[in-house]
Amino acid sequence: MLYSGTSVTSNLTSNTGAPNGTTASIARFTLPGSVTPVTAGSMPVNVTDPSSGKLAGSLAMQPNGTFVFAAEADYVGKFDVLYTVVSSDGQSVNTTLTIDVWPPLTDGDEAPTTPYQTPVSLNLLDNAVPTPGSTTSIL
């Protein structure tokens with residue numbers, strides 16, 4: 001899971017089935033909302049979410065398949081990056097990388113009040129906001 005303000009590093013060719021005796025590499029990628037491909041190995045580029053117009057973060061993609069996406073601290077959303085995998089014998093395939101950025105877990109402070117020498121009871125998770133699809137607990 002990728003959270004706002006964090007980054008992810010992975011390799012897009014690790015699950016590519018290149019023909020025997022060949023190697024796979026990333027030739028180019030296309031950012032969301034754009035039709036102009038970016039050559040893999042170029043400097044990191046800013047990614048804007050086409051649905052919100054917000055800066056989502058920066059993406060660097062290398063020919064060997066390694067990529068790094070650094071999400072902006074205030075970005076939450078999902079978008080696709082199209083990329084082209086090329087084998088050393090010239091075969092190519094277009095595929096999609098989906099990046100999904102989740103909000104971080106938040107929990108507000110608890111400030112119960114009670115008369116002197118009167119016990120207080122409260123649920124510490126009442127104001128916790130988990131990321132979608134997860135639950136909260138106290139460790």
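1. Is Ser-58 buried, partly exposed or exposed in this predicted model? Ser-58 is partly exposed, because its relative accessible area is 24% and buried would mean under 20%. The residue is found in strand E6.

2. Some of the surroundings of Ser-58 come from elsewhere in the sequence. Leaving aside neighbours within four places along the chain, Ser-58 is in contact with Val-45, Asn-46, Val-68, Phe-69 and Ala-70. For one of these, Val-68, the C-alpha atom is separated from that of Ser-58 by 8.0 Å, with the two residues 10 apart along the chain.

3. Strand E6 covers residues 55-61 and pairs with E5 in the antiparallel sense, over 4 bridges. Leu-55 in E6 is the bridge partner of Thr-48. The hairpin of E5 and E6 has 6 residues between the strands, and Gly-53 in this hairpin takes a positive phi near 75 degrees.

4. Strand E5, residues 45-48, has side chains that alternate. Val-45 and Val-47 point to one face and are buried, while Asn-46 and Thr-48 point to the other face and are not buried. Val-45 and Asn-46, from the two faces of E5, are both among the contacts of Ser-58.

5. A further point concerns an open sheet. Its 5 strands run in the order E1-E9-E8-E3-E4, and the pairing is mixed. The edge strands are E1 (2-3) and E4 (38-39), each of which pairs on one side only.

6. At the E4 edge, strand E3 (residues 24-30) pairs with E4 in the antiparallel sense over 2 bridges. Here Arg-28 stands opposite Thr-39, a residue of E4.

Key. Residues numbered from 1 in each chain as written. Predicted model: local features only at pLDDT ≥ 70, side-chain atom pairs only at ≥ 80, totals over all residues. Heavy atoms only, no water. Buried < 20%, exposed > 50% of the residue type's maximum accessible area, 1.4 Å probe, protein only. Pairing = 2+ DSSP bridges. Contact = heavy atoms within 4.5 Å.
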